[in-house]
Protein chains: 2
Amino acid sequence: MDFDVSLHVIGVVHSTHSSLATTPIQSSLNRAEHASIEIDDQYADGLAGLAGFDYAWMLTWLHAPGEPPAPAPLRHVPFLLQRQQRRMGLFAARGPRRINPIGLSLIQLLDVTSPVVRFAGVDVLDGTAVIDLKPYVTRFDRPPGEPRSGWFDQIELTDGLTPADLAPPQP
Amino acid sequence: MDFDVSLHVIGVVHSTHSSLATTPIQSSLNRAEHASIEIDDQYADGLAGLAGFDYAWMLTWLHAPGEPPAPAPLRHVPFLLQRQQRRMGLFAARGPRRINPIGLSLIQLLDVTSPVVRFAGVDVLDGTAVIDLKPYVTRFDRPPGEPRSGWFDQIELTDGLTPADLAPPQP
């Protein structure tokens, strides 16, 4: 079932990345890089109190407005498994080509000076539309213990990893 | 800026809750309760590999299709601060009445038997539309150390808390 909604762009990311192939795949793998969100003036009052948090969830719309989303096949080889050529379900992977292209980035808040949010941990293109910001609350967002992370527990994750680093093996 | 998109309902939650006022406010505060997601048959193949994870992020659309979202004021008193009557920015709070009503629930995966996902940690109404599932990956989703969680660090959070428990103080 599908339904039509109007999404509101609450802000826009300013980052140095203009190509997906060379954009780090997760903010946690690119903690050293800084970027900013420029919140739309009409929503800037919503930032009150955010400076008291060290981290936030940035929800993004991963396609330009109007561009039709192109989800990956339901079973596909994630970027991170291209060397192994293992297929996974879309809902067991974190790639950007989703059924609904909503990105979830854990950003480290550096400075909140309305209407600009400076952050560390960059995994999105310049110009990406931000559709929500939620403060990271340890009590809500950290599961107890050391949860199993499926196939991610079996691969090496290096800082700064991009899709271009992960070409499939040559025949 | 707004833009129109068509969202795809990848599944529907079956829970015991039919009233927001008596639905726990966060899955982490209601870990003992179980519920399930029935994934739409056309997307069920996307679950492959998910059983290897202990937790997942469930993204939901918090309003029934067609119903116009009613965001909270940009500065408002969150449920959890009703006793103190402190106002916070919408983006420094975790309430469901957002500019774009997208919910983020950290669910504990109990069983993935396609097309049904059984989980623990329930903070959504019966019938809620699921728009994405992303596996919880500790390396991506757990910030280092003990991050500051703003005003949440100053309040008591008890298991099973619902909006109905948090009536404003009587005059």
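Which residue of β7(A) is the bridge partner of Trp61(A)? Select Trp61(A) in this predicted model and look across to the neighbouring strand, where Ile102(A) is the bridge partner in β7(A). With both strands displayed, β4(A) and β7(A) can be followed as an antiparallel pair joined over seven bridges.

**The barrel of chain A**

Widen the selection next to six strands of chain A, which close into a barrel in the order β2-β3-β8-β7-β4-β9, with antiparallel pairing. From one strand to the next, the twist averages 45 degrees. The pair from which the tour set out, β4 and β7, stands side by side in that order.

**Tyr55(A)**

Return to strand β4 of chain A, which covers residues 55-61, and pick out Tyr55(A) within this strand. Is Tyr55(A) buried or exposed? It counts as buried, because 24 C-beta neighbours lie inside 10 Å of Tyr55(A), where 20 or more are required. Leaving aside residues up to four places away in sequence, Tyr55(A) touches Leu106(A), Ile107(A), Gln108(A), Leu109(A) and Tyr136(A) in its own chain, and also Pro143(B) and Pro147(B) in chain B. For a distance across the chain, select Arg97(A) as well: 42 residues separate Arg97(A) from Tyr55(A) along the chain, and their C-alpha atoms are 25 Å apart.

**The contact between the chains**

The two prolines of chain B lead on to the contact as a whole, to which chain A gives 62 residues and chain B gives 63 residues. On the side of chain A that touches chain B, at least two residues each are supplied by β1 (2-8), β4, β6 (88-89), β7 (102-113), β9 (129-135) and α1 (138-141). The largest share of that side, seven residues, comes from β1(A). Colouring the side of chain A that touches chain B by class should show 35 nonpolar, 13 polar and 14 charged residues.

Now select β1 in both chains, where seven bridges join β1(A) to β1(B), residues 2-8 of chain B, with the two strands running antiparallel. Within this pair, His8(A) has Asp2(B) as its bridge partner.

**The axis**

Finally, display both chains together and consider how they are related. A turn of 180 degrees, with a shift of 0.0 Å along the axis, lays chain A on chain B with an RMSD of 0.0 Å, which is the relation of a two-fold axis. To find this axis from chain A, select Val5(A), whose C-alpha is the nearest to it in that chain, at 2.8 Å. The same surface serves both copies, since 100% of the contact residues of chain A recur in chain B.

Conventions: Residues numbered from 1 in each chain as written. Chains lettered and ligands numbered in written order. Predicted model: local features only at pLDDT ≥ 70, side-chain atom pairs only at ≥ 80, totals over all residues. Least-squares fit on C-alpha atoms with pLDDT ≥ 70 in both. Contact = placed C-beta atoms within 7 Å. Helix = DSSP H or I, 4+ residues; strand = E, 2+ residues; numbered from the N terminus. Buried ≥ 20, exposed ≤ 12 C-beta atoms within 10 Å, placed from the backbone. Nonpolar A, V, L, I, M, F, W, Y, C, P; charged D, E, K, R; others polar. Pairing = 2+ DSSP bridges. Axes fitted to C-alpha atoms, helices over the stretch in contact; angles between N-to-C directions.
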